[in-house]
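I opened a new model today and wanted to find my way around it. These are my notes, in the order I looked things up.

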Amino acid sequence: MSFVKLSASALAIAAVSATAAAARDQVQVAGSSTVLPYASIVAEAFGENFDFPTPVVESGGSSAGLKRFCEGVGENTIDVANASRKIKDKEIKACAEAGVTDIIEVRIGYDGIVFASDINGNGFEFTPTDWFLALSDEIMVDGKMVANPNKTWADVNPAFPAQPLQAFIPGTKHGTREVFEDKVILAGCEATGAFEHLLANATGDSDKAKKKAAEKACISLRTDGVSVDIDGDYTETLARIESNKDGIGVFGLAFYENNTDKLQVATMSGIVPSTESIATGEYPVSRPLFFYVKKAHIGVIPGLKEYAEFFISDEVAGPDGPLAEYGLVSDPELAKTQEAVANEDVMGGNS
Amino acid sequence: MTDISQTPSNMGGAAEQSKSGSLLTQNARTRKRNAAEMRFRGYGIAAIVVGLIMLVVLVTTIVGRGTGAFQQTFVTLEVELLESKLDKKGNRDLEDIKKVTTFGYAPIIKAAVQSKIEGLGIETSLKPKDMAGLLSKDAAAQLRAYVLENPDQIGQTVEFRFLAQSRVDGYLKGRVSRESIENDKNISGAQLDLVDALVAAGVVEKTFNIDFIIGADASDQRPEAAGIGVSMMGSLFMMLVVLALALPIGVAASIYLEEFAPKNWLTDIIEVNISNLAAVPSIVFGILGLAVFINYMHLPMSAPLVGGLVLTLMTLPTIIISTRAALKAVPPSIRDAALGVGASKMQAVFHHVLPLAAPGILTGTIIGLAQALGETAPLLLIGMVGFIASNAPETIADGLLAPNSAMPAQIYEWAKRADPAFYERAWGGIIILLVFLVTMNTVAVILRRRFERRW
């Protein structure tokens, strides 16, 4: 029966050590899978150059990360949420309800969203209009909204080859989806005149409500299998394209640049996506990347502030830093962000 | 059932002749039945062949794609550890030396690469920055760690073996070709020319990489430096927790249920529920672990202790079911004999039944552990899947409480990263995980063969 004694003592040791070492000494990060590579590069360099342990970075999508971020304050909650979009008012409210009031918003730079297809397939030169006509639920034909009849890219735009429509776009829990909707589908909706039509026929109490309803109608995508939501990471999108050569996927620029042997990138409005064309703002589909820090955890979790400051320091997030090398478009207003983090400025002033 | 006389149709001999024909000639019905049997055997063999083909395809794919991860390309360089860069004050104060970050080491490496290439007399049009681009980003970290450990070496020239960057490594492994890098901004054709020249000079070579087996995870920028060792430690500590908790609890529960518990509706419900628990999807245990162990009991996130507790819950039903089966297999005569010579019920169980059931219990436990070892889903929710590049734990408490990953979680993590070099490492990780699983299952089989008794 010695194993009973052994396991009892093991249990006791575990219990004692658990209570003794309850204080967490590493920074805990979760959120966007787009920010994950950047965050892991920073976390690694942080662990190497400082005496603090290497932060733990989990992914799972911006919304999932912010949801965990807003669970409350304390050592059993994460300190930093990575997001590929701005935090929503709804999420700030949810945070406040759970006691997370002082949130520091840090913009780390910009990232491009690219459209890429199989390297051996047809090349494309898209405009937002093409994507709206390809994927929207309803499009305008002869002044009326009808269910999207398009089956091939040639139906969408006569300049394209007659390749069946098949798109792999990020699922709704990804921040990338929202940018895709705003910068591509909505832009296309407005360009085709469908938005005006929807706005004129929208029902709502105020202009604002009408506008919202029209926007919602614009970005509702077809559900007949032409557009497939990918809830996983870009590797899943890549695998889908490899098995279905007609597919066109939505990727982050950095992911594409690591897989140039398998993917060819499409231009958008005539501009080839690159860190340069995104930095100048020529390439239209880009978005800022953020991370959010719980101010209440600064001073409690060792290294949290140092991590945030290190992340946006010139040698890391600057134009010659490792993040830019990996594909991040560095923020021209980095100095301002650095100052804000140094002062621990929270969102919404002194809330 | 009326045709008994036809069954031994081709046996011949002294059997009674049937009315419908000779025993030596098969009638239509017999032929039909024999054909059915042959067909069934054919199906069986076909099923086995399909299974074997699948196994062969699986194993060859894994081995074919994964073995590359065990080899890595290294570059040998002599680096002059310039005092003017690393220790400006020249007082060898560790605090001052620490202030130079890995970014500060980049120029030293650049100079070392340049002088090496010039020393070898290789002509290249590349800028020093692109020459240094052949090295892994890990080189600066390696150099800094060395300097911090040996500050007395500052000012000397030391020989180092640095990792080459993943594209160079891929080029030597045949994963990257000149055609495939056409649009790649991480490497150029001129750099590959330089690699060819350096390989010819013996500076760049591909050798076995122990760091893949014992090292820690690395970020997206340096796949060549990633290793599975630390997550292996995470898995080990989780298995220790599972063993320490699930075995005693599981065995005690099954002995009580099997030998002592009265048979009534309550024990029936418990039995049914244990069987049900064994079929619960593992992610459910992850949610439970998050709610109970992290949010309620405030155990640390990403800790192997929590992972072990969650996997214990998952493994318990497996152990209980196999232990009960092992106890049931001990014939009642053993118990009766023990009770008959005056042993108490407990003595009968612990002195006679349990030793006889031990091989079965051990087998069940090992298989349960093997199952837990390969589990990822519950770990997703307790923060053990992600970029967790901690160092190998130094103490037992550290091993249980410091953040760590687990082998299958590490493989999953690698499989979803952008750089194709991580993909190769994911397959390599699968090989290591499979080696563990096969070993555990083999031990289970050997134990059963050697100690199991049949009545």
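My entries below go from chain A as a whole, to one of its strands, to chain B and the contact between the chains.

**Entry 1: ground rules.** I am working with a predicted model, so I keep reminding myself that I am reading a prediction.

**Entry 2: chain A overall.** I started with the secondary structure and found 16 helices and 13 strands in chain A. Next I looked up the extent: along the principal axes, the C-alpha atoms fill a box of roughly 75 × 50 × 50 Å. How much of chain A is buried? I got 47% of its 351 residues. Then I checked how far apart in sequence the contacting residues of chain A are. Taking contacts between residues at least 6 apart, I found that 73% join residues at least 24 apart.

**Entry 3: strand β10 of chain A.** I picked one strand to follow in detail, β10(A), which spans residues 248-252. Is this strand mostly covered or mostly open? I noted it as mostly covered, with 5 of its 5 residues buried. I then sorted the side chains by direction. A:Ile248, A:Val250 and A:Gly252 point one way, while A:Gly249 and A:Phe251 point the other way. Both sets are buried.

**Entry 4: the neighbours of β10.** Which strands pair with β10(A)? One of them is β4(A), residues 103-118, joined to β10(A) by 5 bridges and running antiparallel to it. Another is β8(A), residues 167-170, which has 2 bridges to β10(A) and runs parallel. I wanted to see individual bridge partners too. On the β4 side I looked up A:Ala116 and landed on A:Gly249. From β8 I tried A:Phe168, and its partner in β10(A) is A:Gly249. I marked A:Gly249 in my notes, since it turned up as a partner of A:Ala116 and of A:Phe168.

**Entry 5: chain B.** I moved on to the domains. Chain B is divided into domain 1, 71-209, and domain 2, 229-451. I looked up the distance between their centres, taken over C-alpha atoms, and wrote down 45 Å.

**Entry 6: where A and B touch.** How many residues does each chain bring to the contact? I have 44 residues from chain A and 42 from chain B. On the chain B side, the helices that each supply at least two residues are α4 (102-120), α6 (138-149), α10 (229-260), α12 (282-296) and α17 (396-401). The largest share comes from α10(B), with 4 residues. By type, I counted the chain B side as 23 nonpolar, 12 polar and 7 charged residues.

Key:
Residues numbered from 1 in each chain as written. Chains lettered and ligands numbered in written order. Predicted model: local features only at pLDDT ≥ 70, side-chain atom pairs only at ≥ 80, totals over all residues. Buried ≥ 20, exposed ≤ 12 C-beta atoms within 10 Å, placed from the backbone. Pairing = 2+ DSSP bridges. Domains from an automatic or database assignment. Contact = placed C-beta atoms within 7 Å. Nonpolar A, V, L, I, M, F, W, Y, C, P; charged D, E, K, R; others polar.
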